[in-house]
Amino acid sequence: DPYLRFEKGEKLTRGMLELILKYKFPVHMITKSDLILRDMDLLERIATEAVIPKHVSALKTGTIISFSFSTVDDAVCKQFEPGATLTSIRLAAAETLVKNGFLVGISMMPLLPYISDTTVSLNQMFAEFRRIRVKYILPATITLFGNAAADSRTQVFRAIQKHYPELLPKYEKLLGKNDYLPIHYNLAFMAKMEEMSREYGIKLSILEGQNQLHSHFK
């Protein structure tokens, strides 16, 4: 991935973290890459030295790290995220950070209809996230924009056509010309996430007592 190679060479993220540390800001990192392990030293210092706003003081840390997943299946990852770090490597990086005492969670989005939103796939994902002891999961459905070559809608439909042609009519029916999934899908999704949150004992928010799903789908 050219962006990853650029970051490895130029260390722009590390430079930004140094600046954040200097001025004692907290940070929430959202990433698909294990390169975050390179900057553990800075993230550890931010965790203890940052001035934490009162409304999130209960977290007792200046560093929050969310790993982004649409699937935990490496084969599906290669189909839809060909330039991204494999999900198995992301899971290992997340586990390392958890073991080093960081507040780590999952940005489980966007889930792919009929592929990674199935009961089998969701159980696999939640089981993996529970295994590595993440503190929260922030799930969301997919949103697709645009018809240009680089737009998300074009790229996802291209991947569906190539790898799951039998699902193309379902995607066309589900989305039509809309960017967002229909409300009945989102309501069923909300209910499923809350059910799995209870089953696996992983909360759906970073802060206790706040349900991100309800605010997301208002």
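Two strands are taken to pair if DSSP finds at least two bridges between them, and helices (H or I, at least four residues) and strands (E, at least two) are DSSP runs numbered from the N terminus. The model is predicted, so that local features need pLDDT of at least 70 and side-chain atom pairs count only at pLDDT 80 or more, while totals for chains, interfaces and linings use all residues. Residues are numbered from 1 along each chain as its sequence is written, and side-chain values use heavy atoms, with hydrogens and water left out.

**Exercise 1.** Determine which strands pair with S2, and in which sense.

*Solution.* Begin with strand S1 (residues 27-31), which pairs with S2 in the parallel sense over 5 bridges; here His28 stands opposite Ile64 in S2. Turn next to strand S3 (residues 103-108), which is also parallel to S2, over 6 bridges, with Ser66 standing opposite Gly105 in S3. Finally, follow the connection: S1, helix H3 (residues 40-49) and S2 make a right-handed β-α-β unit, where right-handed means that, with the strands pointing away from the viewer, the path from the first strand over the helix to the second runs clockwise.

**Exercise 2.** Establish why strand S2 (residues 63-69) is described as largely enclosed by the rest of the structure.

*Solution.* Apply the cut-offs first: buried means under 20% relative accessible area, exposed over 50%, and partly exposed in between (1.4 Å probe, protein chains only). In a regular strand the side chains alternate between the two faces of the sheet. On one side of S2, Thr63, Ile65, Phe67 and Phe69 are buried, and on the other Ile64, Ser66 and Ser68 are buried as well. Because 7 of the 7 residues are buried, S2 is largely enclosed by the rest of the structure.
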